[in-house]
Amino acid sequence: MEAIKRLASQNAVVIYSLSSCCMCHTIKRLFYERGVNPAVYELDEEPKGREMEKALVNMLGRRPAVPAVFIGGRLVGSTDEVMSLHLSGSLVPLLKREGGLWL
């Protein structure tokens with residue numbers, strides 16, 4: 001869990017993902033289309049990816065653990081939480097406030 005938090009604190013936006021996950025792709029695309037350049041960790045390509053995924057399950061309290069999005073070093077959540085922020089108009093202000101979006 002410490003590795004998850006450490007990596008999440010090193011960039012304004014961090015996405016933990018699986019390369020074969022369609023919802024992960026959707027969330028990454030949402031950020032890219034808004035001009036955000038998130039740090040993306042594909043757990044199926046990381047040496048300690050399984051351990052990281054287990055830690056994310058514990059943090060989120062559910063499966064699947066991905067996508068898991070951190071903004072400003074804090075866990076925002078998965079697809080539901082990110083889309084809720086987006087649809088309510090709160091995602092862009094949050095990204096600007098946390099340095100993930102500069103426009």
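This is a short talk on the sheet, the aromatic cluster and a few single residues of one predicted model.

Let me begin with the sheet. Four strands make up an open sheet whose order is β2-β1-β3-β4, and the pairing within this sheet is mixed. The edge strands are β2 and β4, the latter covering residues 74-77, and each of these pairs on one side only. From one strand to the next, the twist averages 25°. If we look at β1 and β3, we find that they run antiparallel and are joined by 4 bridges, and within this pairing Tyr 16 has Ala 68 of β3 as its bridge partner. Helix α3 packs on the sheet, where it touches β1, β3 and β4, and the direction of α3 makes about 75° with that of β3. Helix α4, which spans residues 79-88, lies across β3 and β4 and runs at about 85° to β4.

I now turn to the aromatic residues, of which Tyr 16 will come up repeatedly. The structure holds 2 aromatic pairs. In one of them, the ring centres of Tyr 16 and Tyr 41 are 5.5 Å apart and the planes stand at 25°, and because planes under 30 degrees apart count as stacked, this pair is stacked. The two residues come from distant parts of the chain, since Tyr 16 belongs to strand β1, residues 13-17, while Tyr 41 belongs to strand β2, residues 39-42, with their positions 25 residues apart. Tyr 16 also forms a pair with Phe 70, and here the arrangement is edge-to-face, with 5.7 Å from centre to centre and 80° between the planes. This pair, too, links distant parts of the chain, with Tyr 16 in β1 and Phe 70 in strand β3, residues 68-71, the two being 54 residues apart. Taken together, Tyr 16, Tyr 41 and Phe 70 form one aromatic cluster.

Are the members of this cluster buried or exposed? Tyr 16 and Tyr 41 are both buried; for Tyr 16 the relative accessible area is 0%, and Phe 70 is likewise buried, with a value of 1%.

Next comes a charged residue, Lys 28, which is placed in helix α2, residues 22-33. Its relative accessibility is 11%, and because the cut-off for buried is under 20%, Lys 28 counts as buried. What does the side chain of Lys 28 meet through a polar contact? The partner is the side chain of Ser 17, at 3.4 Å. Leaving aside residues up to four places away in sequence, Lys 28 touches Ile 15, Ser 17, Val 40 and Glu 42.

Two peptide bonds also deserve a mention. As a general matter, most peptide bonds are trans. The bond that joins Arg 63 and Pro 64, however, is cis, with omega at about -5°, and Pro 64 is found in the loop between α3, residues 49-60, and β3. The peptide bond from Val 66 to Pro 67 is cis as well, with omega near 0°, and Pro 67 lies in the loop between α3 and β3.

Finally, the cysteines. Cys 21 is buried at a relative accessible area of 19%, which falls under the 20% cut-off, and Cys 24 is buried at 0%. How many disulfides does the model contain? The count comes to 0 disulfides.

Notes:
Residues are numbered from 1 along each chain as its sequence is written. This is a predicted model: local features need pLDDT of at least 70, side-chain atom pairs count only at pLDDT 80 or more; totals for chains, interfaces and linings use all residues. Side-chain values use heavy atoms; hydrogens and water are left out. Rings of Phe, Tyr and Trp (its six-membered ring) pair if their centres lie within 6.5 Å; planes under 30 degrees apart count as stacked, over 60 as edge-to-face and the rest as tilted. Buried means under 20% relative accessible area, exposed over 50%, partly exposed in between (1.4 Å probe, protein chains only). A polar contact is a pair of N or O atoms within 3.5 Å; within protein, one must be able to donate a hydrogen and the other to accept it, and residues adjacent in sequence count only if both atoms are side-chain atoms. Contact means heavy atoms within 4.5 Å. A disulfide is a pair of cysteine sulfur atoms within 2.5 Å. Two strands pair if DSSP finds at least two bridges between them. Axes are lines fitted to C-alpha atoms, for helices over the stretch in contact, and angles run from 0 to 180 degrees between N-to-C directions.
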